[in-house]
Amino acid sequence: MRQIPVDTNGATLMVAQPPQVKMRDKRNGVIATDQDTGHTLVTVDVLFVMNGNAEVVSITVAEPDISGELAMGTPVALTGLVARPWENEFNGQKRHGISFRAVAVTSLAAGASKPKAA
């Protein structure tokens, strides 16, 4: 699948919605997992602000690759962000779009480097 690297230098990034478990099949309650590691995938809605334009994008990341508390408004860094064009057909209707995947999402809030309590 084609992947397009996304440069976030010069952008302001902050959490718009905290992480939510990504569902592979909502109807049957099947949770999406990373094909390579088996880790649960989550989505984080991020406000991406650059050159006076703002847009909320949904970023998929493996759950263990989230560092720090990601509450609404928390500034974040996105490591290894790529865009992937997609297209599918469902019930005779063609759909297409762009999905975003990051290697890691890291909180930039003060004290974010503290490990989570077990």
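Student: Where does Asn91 lie?

Tutor: Happy to start there, with the reminder that this is a predicted model. Two strands frame this residue: S9, covering 82-90, and S10, covering 93-101. Asn91 lies in the loop between strand S9 and strand S10.

Student: Is Asn91 buried or exposed?

Tutor: A residue counts as exposed when its relative accessible area is over 50%. For Asn91 the relative accessible area is 68%, so the residue is exposed.

Student: What is the phi of Asn91?

Tutor: Asn91 is a residue other than glycine, and its phi has a positive value. That phi is near 50 degrees.

Student: Which loop holds Asn51, and what is the phi there?

Tutor: Asn51 is found in the loop between S5 and S6. Asn51 is exposed, with a relative accessible area of 73%. Its phi is positive although the residue is not glycine, and the value is near 55 degrees.

Student: How many bridges join strand S5 to strand S6?

Tutor: Strand S5 spans residues 41-50 and strand S6 spans residues 53-62. The two run antiparallel, and Val44 stands opposite Ile59 in S6. The number of bridges joining S5 to S6 is 10.

Student: What is the strand order in the open sheet of six strands?

Tutor: Pairing in this open sheet is mixed. Its six strands have the order S1-S9-S10-S6-S5-S2.

Student: Which strands stand at the edges of that sheet?

Tutor: Look for strands with a single partner strand, because one side of each is then left without a neighbour in the sheet. That description fits residues 4-5 and residues 12-21, which are strands S1 and S2.

Student: Which residues form a nonpolar patch on the surface?

Tutor: Together, the members of this patch have about 220 Å² of accessible area. One of them, Ile31, has its place in strand S4, residues 30-31. Ile31 counts as partly exposed because its relative accessibility is 42%, a value that falls between the cut-offs of 20% and 50%. The patch is formed by Val21, Met23 and Ile31.

Student: How many helices and strands does the chain have?

Tutor: Read from the N terminus on, the elements run β-β-β-β-β-β-β-β-β-β-β. The count for the chain is zero helices and 11 strands.

Student: What percentage of the residues in the chain is buried?

Tutor: Buried means under 20% relative accessible area. The chain has 118 residues, and the buried ones make up 29%.

Conventions. Residues numbered from 1 in each chain as written. Predicted model: local features only at pLDDT ≥ 70, side-chain atom pairs only at ≥ 80, totals over all residues. Heavy atoms only, no water. Pairing = 2+ DSSP bridges. Helix = DSSP H or I, 4+ residues; strand = E, 2+ residues; numbered from the N terminus. Patch = residues over 30% accessible without salt bridge, like charges linked within 9 Å, V, L, I, M, F, W, Y side chains within 5 Å. Areas by Shrake-Rupley, 256 points an atom, 1.4 Å probe, with all protein chains shown as cover. Salt bridge = Lys/Arg side-chain N within 4 Å of Asp/Glu carboxyl O. Buried < 20%, exposed > 50% of the residue type's maximum accessible area, 1.4 Å probe, protein only.
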